[in-house]
Amino acid sequence: MMKHRKIIFFELNEVPFRIIDWYCSLHPHSCLSRRLPQCYQYETIAPDQVLSPWVTWSTVHRGIADDEHLIHHIGQDLSQTNQEFPPLWHLLASNGIATGVFGSLNSYPLPGLLEGYRFYIPDSFAAGNECFPCYLSVFQDFNLQMTARSARNVSGSVAWQAALRLLRDFKACGLTLKTLVSIMQQLLSEQVKPWRKNRRRTYQTVLGFDIFIHELTEKQPGFATFFTNHVASSMHRYWAATFPEDYQEVVYSSEWISRYSDEFDFVMSKFDLFFSKLVDFVDHHPDFTLWVLSSMGQAATTAKPLETQLYLTEIAQFMARLGIPREAWSQRTAMLPQVNVHVWGHYADSFRKTLDGLSIHGCPVDFEEHDGGFFSLSFGNQNLPAEVSHAGLGGKQIPFEELGLKKVPIE
C-alpha cells in the first residue's frame, strides 16, 4: 500500500542492526524500541570494492557499484558521472517529483536547475556554502567552518562570526530555542569535562535536523534526504569503550573505557529523538513513509591508542617543494589524513613521477589518480617513532617541516 507515498530518506551512516538492537534493549520505552516492531527490516549486500561512505552512498544513490560510478574520493569532478549515472534526487526532480536534499554525500555543487527542488543543502564537505533557498547558506557557512576545525581532533574554538550570523537568522532557518539551550548546556559542560567537546559533532547534526524538519514540514516534498554521520563518528572512536568484550585484548585504560562508555548511548539518544519526530510527522501525514538506511554496517574497530598521526598541514609548501607552481593546482575537499588536489596539464605527469619517489619511514606514500589530474594522497602514518623526522624524496632525506608535514598529537 506504499504506492504513490512520499519518502523521507534518512541516511544513518554505517550503523548496523547490532547497534539498533543494543539501544532498544537498553531503552525499551524509547520510540525506536516501541516502533521498530512495526517496521520492515532489510539487509542487503554492498557490491563495492571500496567500502567507505562516499563510495557506498554513491552506490545507493545511483543504483550501480563503484566499478561503474568510479566515485572513490571527496572532491572528484562528478559532472560527467552525474550525466551518465545521475543520483536519485536528480532523477526525481527532473521528472516532476518535488525533492529535498540535506547533507547527502557527493551532493555538491547545487544543480544547475533548481525548479524541481524544495530545498537543497549539500554535504558537510562542500567546497562552498551555496544552498537553496539561499537563506540556509548561513547555516551551511557555520557547518562547514566547524567541520573544517574538527577534521580529526575536535577544536575547542567556535566560528563565532558564523555562529552569530546563524543566531541572527535562527527563526528563519527553523532552529528551535530548545536546541540553542542544549548547545549552551553542551558548551558549559565542556568547562567541567573538556573531553566532552567530542560531542560537538553530534550537535552539528542536531542543528541540521532542526532545519531539515522545518523545511520538511513547511514544503513537504515528495522525496527528501537527510544524512548524519554522528553515530558512525562515535563508533569509529569508542567501540572498545562500549563493547570491550569484542576484543581479545583491550589496550585502553579502564579510565578511558569508563570515560567514553556512554558515548554510544548519547549519540543513539539523539537519533531516537530524530526518529521520534519523524515518526510523529509520518503519523500526522499518512501520505509519507520513513526509510532509514545505513549504506553499509560497521563492526569492531581496531582498539589501538593513537598518540600521533602524520598530516600534511601546509599543502602550498608541499606542492612547491614537489615542483608544482601555485597556478597549476587547486586543493579539493578531503577527510584527514587524505589530501586531494587537482593538477593541470603536463604538471600532472611531473607530480605523479615525483610522488612515486616519496616515502615515509621507508614506505611509499599511497596515492591514486582519477579524472586526468585529480590526485588523492594518503598520509596519516600512526605513532611514528620520535627519531623519524624526515621523508624520502628522490633518494634524499627531507625534513618533515620542509615538506609541510607535521606529527599531530591525537586525542
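# A walk through the model

Select Phe243 to begin: with a relative accessibility of 4%, Phe243 counts as buried, where buried means under 20% relative accessible area, exposed over 50% and partly exposed in between, using a 1.4 Å probe and protein chains only. You are looking at a predicted model, in which local features need pLDDT of at least 70 and side-chain atom pairs count only at pLDDT 80 or more, while totals for chains, interfaces and linings use all residues. Residues are numbered from 1 along each chain as its sequence is written, and side-chain values use heavy atoms, with hydrogens and water left out.

**Stop 1: around Phe243**

Phe243 sits in the loop between helix 12 and helix 13 (254-260). Helices here are DSSP runs of H or I with at least four residues, strands are runs of E with at least two, and both are numbered from the N terminus. Now show the partners of Phe243: setting aside neighbours within four places in sequence, Phe243 is in contact with Arg18, Ile19, Trp22 and Phe264. Contact means heavy atoms within 4.5 Å. If you also click Asp272, 29 residues apart from Phe243 along the chain, you will find 20 Å between the two C-alpha atoms.

**Stop 2: helix 12 against helix 14**

Next, select residues 230-242 for helix 12 and residues 263-284 for helix 14; their axes come within 8 Å and cross at roughly 150°. That makes helix 12 roughly antiparallel to helix 14. The axes are lines fitted to C-alpha atoms, for helices over the stretch in contact, and the angles run from 0 to 180 degrees between N-to-C directions. Angles under 35 degrees count as roughly parallel, over 145 as roughly antiparallel, 65 to 115 as roughly perpendicular and the rest as oblique.

Show the side chains to see who meets whom. From helix 12 come His230, Val231, Ser234, Met235, Tyr238, Trp239 and Thr242, and they meet Glu263, Phe264, Val267, Met268, Lys270, Phe271 and Phe274 of helix 14. Sorted by class, this contact has 9 nonpolar, 3 polar and 2 charged residues. Here Ala, Val, Leu, Ile, Met, Phe, Trp, Tyr, Cys and Pro count as nonpolar, Asp, Glu, Lys and Arg as charged, and the others, Gly among them, as polar.

**Stop 3: helix 11 against helix 14**

Keep helix 14 on screen and add helix 11 (residues 200-219): the two pack at an angle of about 5°, with their axes 11 Å apart. That makes helix 11 roughly parallel to helix 14. The contact of helix 11 with helix 14 has 11 nonpolar, 3 polar and 3 charged residues. Among the helix 11 residues in it are Tyr203, Phe209 and Leu216, and helix 14 contributes residues including Phe266, Lys277 and Phe281.

**Stop 4: Gln186 and Glu190**

Move to helix 10 (residues 177-192) and pick Gln186. Is Gln186 buried or exposed? At 6% relative accessibility, Gln186 counts as buried. A polar atom of the Gln186 side chain lies 2.9 Å from the backbone oxygen of Arg196. Not counting residues up to four places away in sequence, Gln186 touches Arg196, Lys197, Arg199, Arg200 and Tyr203.

Add Glu190, which also lies in helix 10 and counts as buried at 8% relative accessibility. The side chains of Glu190 and Gln186 are joined by a polar contact of 2.8 Å. A polar contact is a pair of N or O atoms within 3.5 Å; within protein, one must be able to donate a hydrogen and the other to accept it, and residues adjacent in sequence count only if both atoms are side-chain atoms. Beyond residues up to four places away, Glu190 touches Arg196, Lys197 and Arg200.

**Stop 5: helix 3**

Select helix 3 (residues 53-62), which is mostly covered, with 9 of its 10 residues buried. Among the buried ones are Trp54, Trp57, His61 and Arg62. Just after helix 3 comes Gly63, with a positive phi near 75°.

**Stop 6: backbone details**

Most residues other than glycine have a negative phi, and most peptide bonds are trans. Glu14, in the loop between strand 1 (6-12) and helix 1 (17-26), has a positive phi of about 70° although it is not a glycine.

For cis bonds, select Tyr108 and Pro109, whose peptide bond is cis with omega near 5°. Then visit Phe132 and Pro133, also joined by a cis peptide bond, with omega about -5°. Pro133 is in the loop between strand 3 and helix 7 (137-149).
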